[in-house]
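The following paragraphs concern pairs of oppositely charged side chains and where they lie in the fold. The reader is invited to follow them one pair at a time.

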Amino acid sequence: MSLVEKVSSQIKDALRARNQARLTALRNIRAAFLNEMKKNGADTLPDEVCETLLRRLEKQRRESIEAYEQGGRKELAEAERAELAVIHEFLPRLADEAQTRAWVEEAIQASGASGPRDLGKVMGALMTAHRGELDGKLARRLAAERLAAG
């Protein structure tokens, strides 16, 4: 079952369960999928495209949570956290720090990087080989630390 089908199916389940918070989150996800489908005139989306859209929604929710907390709007931040939890249900798990560190080492060896100037090469190799499997911020931090250390 594709991610588009899973989201649609879970919308029906949330309606039956009268779970309004979950329903709202699922409808927002489906809206993002439908907007992307309209761009191409497609009937469905490949899971890779769905994952990219979900990562974008995840980033938006994290930024909203931060903004609401800084503004003292705890109830809105909690609503965003609930939506983020639903988004995470559909995303594959990202590699942990140890796995990311190993991939960074491989990318440094493969690209011949020797210093901080080569961070772009390393990140390019990492993102090409492991897109969707790793946290880009974590990878950038680890690669920068490793390249700075020499």
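**Salt bridges in the predicted model**

Glu89 is partly exposed, its relative accessible area being 46%. The model in which this residue is seen is a predicted one. Side chains of opposite charge can pair when their charged atoms come close. Glu89 takes part in such a pairing: its side chain forms a salt bridge with that of Arg22, at 2.8 Å from N to O. Arg22 belongs to helix 2 (residues 20–40) and Glu89 to helix 4 (residues 74–90), so the salt bridge ties together parts that lie 67 residues apart in sequence.

Helix 4 also contributes to a second pair. Glu83 and Arg61 form a salt bridge in which the closest N and O atoms are 3.0 Å apart. Here too distant parts of the chain are linked, since Glu83 is in helix 4 and Arg61 in helix 3 (residues 47–70), with their positions 22 residues apart in the count. Glu83 and Arg61 are both buried.

A third pair lies within one helix. The side chains of Arg101 and Glu97 meet in a salt bridge, at 2.8 Å from N to O. These two residues are 4 residues apart in helix 5 (residues 97–111), and therefore about one helical turn separates them. Arg101 is partly exposed, with a relative accessible area of 39%, and Glu97 is likewise partly exposed at 36%. Through salt bridges that share partners, Glu97 and Arg101 are joined with Arg141 and Glu145 into one network.

The pairs described here are among a total of 15 salt bridges.

How values were computed: Residues numbered from 1 in each chain as written. Predicted model: local features only at pLDDT ≥ 70, side-chain atom pairs only at ≥ 80, totals over all residues. Heavy atoms only, no water. Salt bridge = Lys/Arg side-chain N within 4 Å of Asp/Glu carboxyl O. Buried < 20%, exposed > 50% of the residue type's maximum accessible area, 1.4 Å probe, protein only.
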